[in-house]
Amino acid sequence: MKISCSWLREYIRTGLSPEEISAVFTSIGLEVDGMEEWCPVKGGLEGFVVGEILTCGRHPNADRLSVAVVDVGKDVPLTVVCGAPNVAAGQKVAVAVVGTTVYTKEGSYEIRKSKIRGVESEGMICAEDELGLGDSHDGIMVLDASAVAGTPLKSHFNVEIDRVFEIGLTPNRIDAASHIGAARDLAAWLEVNEPGFSRREGFRIPPVDAFVADHHDLPVEVTVAHTEACPRYAGVTLSGITVGPSPVWLQNRLRAIGLSPINNVVDVTNFVLHETGQPLHAFDVAKIEGGKVIVKTLPEGTPFVTLDGVERKLAADDLMICDARGGMCIGGVFGGLASGITSQTTSVFLESACFNPVYIRRTARRHGLNTDASFRFERGVDPLNTVYALQRAALLIKALAGGAIGSEIVDIHVRPVAAFPVHLNFARIRKLIGAEIAPETIERILAALEIKTVGKPAGGLDVEVPPYRVDVRREADIIEEILRIYGYNNVQFNDKIHSTLAYVQKPEPEKMVNTVSDFLSSCGFNEIISNSLTKTAYYQLSAVFPAEKGVDILNPLSQDLGCMRQTLLYGGLEAILYNVNRRHSDLRLYEFGNCYLRERREGQPLAGFTEEKHLALFITGIKLPVNWNTPRQSADFYTTKAYAENVLKRLGIDLRRLRMAEAENNDLFSESLLYSADGAPLLEVATVNPTLLKRFDLKTPVYYADFRWNEVIKAVQLVKISCEELPRFPDVRRDLSLLVNRQVKFADIGRIAVAAERKLLKDVNLFDVYEDETMAKDKKSYAVSFTLQDMKQTLTDEQIDKAMRRIATALEREAGAQVRQ
């Protein structure tokens, strides 16, 4: 939101500089994101001065040029070559001296001393377009005879250099979305913090006492048929107006905040909107069929052409401003093409209303419209400001476009709004703020904020919050208001620490997240955070995550944010694409996030919602950075598998207790390995399907690991931490060469071995896999090492042989293995 400093000063008297005002705004919650200079004349007429032509004669070498001697207030007059036909001695003119930058529609250039046809020229006598004060280039601009030579032109024309604040307005502070609103907040701070400032004298809003109907010849009948969507609607007519350009002051006010002037009527409605925060709309009375204005909805699918010339299909709950024939305007959002103000308009109907924010928000999102009016109505405007803004606009239009006020104000107020009562406890203020604020200071701050004190019970206050503060409804809200005016920086720190001891069930989920995050970050991974809202199109072609199981958004901001994510995969691929497009192709990423699913049951369309936390790993590019002793080696499936297993090991999970199985290929993964604990899927490590990568325009392989975090927590709960002394006796390694069927996995070998020899077996490792044509087609050879150790004694050969026989027998019996000699 843009706030003009010079416009702001029309409502508040303060000697604070723009920089100081900016600091105050930020301290009271209206954070200033930036501040820039604005001038109605580009360049601010810097370098231009008033000059008086002392003599003027023909150029000796050019018939169409003149040589003028110009007094610019210096000791020596300047010689200027000029080609304008109307230049003459005695004139007061605008002169660009050497070094001045001249801005034109085509660009800009700097005035330099130069020779023109043999005569040296020391400046330029300017036309209107060269000054930025008009479009004429027929001749030089002749100033009033009273102008004093040497006077800077910006002083002669009183060119105002404005400072414009760019305020990052939070959604709850719609009360400050106007110049009066911002001035009101500034006045509250000045009342409390600036000695000598009086709100009564230093803050003023333009009076509307002069409003009175000039006649009653142009009545318009108003009916509000949908009172829930429109609790207040006011209107008035003006007749005999002349639509034309706005005066310069009004155009400059609008241009300063980034708006383009249109005509005096429309410009007034925009001016009052940014002055008071109340949106207005003007209708051409001649285009209101039947002299009736009806606030209602129209049937589903009704076509309506808006001001931008686009035909839109209305929904059944789109609030419309209609006449006897049909729709004229989408209420609170966008005007209609057929009822707009044109140069032929002579009578207008001005609308000022208070609409239900829910209806406006739905309509604006549905039609993809975001206007200054909808921005304010969506957040809630002041219902008590409706008539004031209407009177202010009517008086301005009357002053700028002529005519007369043709009716009394029609004001339909279905549900009058009263101030909101809140009880305030001093002890609660002290507890939340952490500082003692005197009750007198609290009352003074509340009065400055227009929060009325209606009672003073023991230990607190009973107050009433004005309706325009739609965000202040609780005691905590008022305490926040007190603190932002009192000043966050005025709350002193002390050495006292308040803490609460609480029992936390083990394992602590947050601690687990931090542990894994630290581990992955130390391994070179970067954490990403993707939006929980994602594209519906991702799930329309997926069999693994079908659209039918998705949680759809009823009023999405766009199709790219149409549903809740079912997996972290797509968000990670978007992050990889973003980085690859910026020449960062070697990536290790991880993300913690929730995924959302629902089971659609007949008769219960919203049944079966689930929200699951997941951890995802993404790896693409090379395995390790290349240097003189590290050759380039691409990351692969096993790289990802190793990191994923190390995450489980870091949490204390024994991989030998997990079951591993290959998962079937699908539209997402070309190969994947599924880990489960007690039958529940725990982890999936996969290679992303090249077909899916092609949809994302990714050319290098991507490897993915997905942890079901709730199952990981359950597995960690089963981990028992025990301590034992370091072994004093050596371990022993024995190797077996096993001939097994192709479908037998090494995980099966390890599980069977551990079950057969629980006491002495400490580790099982696969160090070779061998296949050749001499073996049967369904066979392969595993070379497996077994590490044995007794913590109480040195193992004898007899004990070792006995343990190895038990292991070999179990492998032969359960895995069909043959021990090769």
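**Reading helices, strands and cysteines in a predicted model**

Analyst: Helices α15 and α20 are roughly perpendicular to each other, and this, like everything discussed below, is read from a predicted model.

User: How is the packing of two helices described in general, and at what angle do the axes of α15 and α20 cross?

Analyst: Two packed helices are described by the angle between their axes together with the distance between those axes. Here the axes of helix α15 (residues 509–522) and helix α20 (residues 709–717) come within 11 Å and cross at roughly 100°. Because angles of 65 to 115 degrees count as roughly perpendicular, this pair is given that description.

User: Which residues make the contact between α15 and α20, and how many of them are nonpolar, polar or charged?

Analyst: From α15 the contact draws on Pro 509, Met 512, Val 513 and Val 516, and from α20 it draws on Trp 709, Val 712, Ile 713 and Val 716. The residues of this contact divide into eight nonpolar, no polar and no charged.

User: Turning to sheets, in what order do strands β37, β38, β39 and β40 lie, and is their pairing parallel or antiparallel?

Analyst: Strands of a sheet pair through backbone hydrogen bonds, and the pairing may be either parallel or antiparallel. In this case four strands form an open sheet in the order β38-β39-β37-β40, with antiparallel pairing. The edge strands, each of which pairs on one side only, are β38 (761–770) and β40 (818–820), and from one strand to the next the twist averages 35°.

User: How many bridges join β38 to β39, and which helices pack on the sheet?

Analyst: Eight bridges join β38 to the antiparallel strand β39 (residues 779–788), and within this pair Leu 766 stands opposite Val 784 of β39. Helix α21 (residues 746–756) packs on the sheet by touching β37 (732–741), β38 and β39, and its direction makes about 150° with that of β38. Helix α22 (residues 797–815) also packs on the sheet, touching β37, β38, β39 and β40, with a direction that makes about 20° with that of β37.

User: What joins β4 to β5, and is β5 largely enclosed or open?

Analyst: Five bridges join strand β4 (residues 62–71) to β5, and the two run antiparallel; one of the facing pairs is Val 69 with its bridge partner Thr 79 in β5. The two strands form a hairpin with six residues between them, and Gly 73 in the turn has a positive phi of about 85°. Four of the five residues of strand β5 (residues 78–82) are buried, so this strand is largely enclosed by the rest of the structure.

User: How many disulfides are there, and why is Cys 5 or Cys 563 not in one?

Analyst: A disulfide is a covalent bond between the sulfur atoms of two cysteines. The test used here asks for a pair of cysteine sulfur atoms within 2.5 Å, and by that rule the count comes to zero disulfides. The sulfur of Cys 5 is 15 Å from the closest cysteine sulfur, in Cys 39, and is therefore too far for a bond; Cys 5 is buried, with a relative accessible area of 3%. For Cys 563 the closest cysteine sulfur, in Cys 595, is 11 Å away, again too far for a bond, and Cys 563 counts as buried at 3% relative accessibility.

Definitions and conventions. Residues are numbered from 1 along each chain as its sequence is written. This is a predicted model: local features need pLDDT of at least 70, side-chain atom pairs count only at pLDDT 80 or more; totals for chains, interfaces and linings use all residues. Side-chain values use heavy atoms; hydrogens and water are left out. Buried means under 20% relative accessible area, exposed over 50%, partly exposed in between (1.4 Å probe, protein chains only). Two strands pair if DSSP finds at least two bridges between them. Axes are lines fitted to C-alpha atoms, for helices over the stretch in contact, and angles run from 0 to 180 degrees between N-to-C directions. Contact means heavy atoms within 4.5 Å. Angles under 35 degrees count as roughly parallel, over 145 as roughly antiparallel, 65 to 115 as roughly perpendicular and the rest as oblique. Ala, Val, Leu, Ile, Met, Phe, Trp, Tyr, Cys and Pro count as nonpolar, Asp, Glu, Lys and Arg as charged, and the others, Gly among them, as polar.
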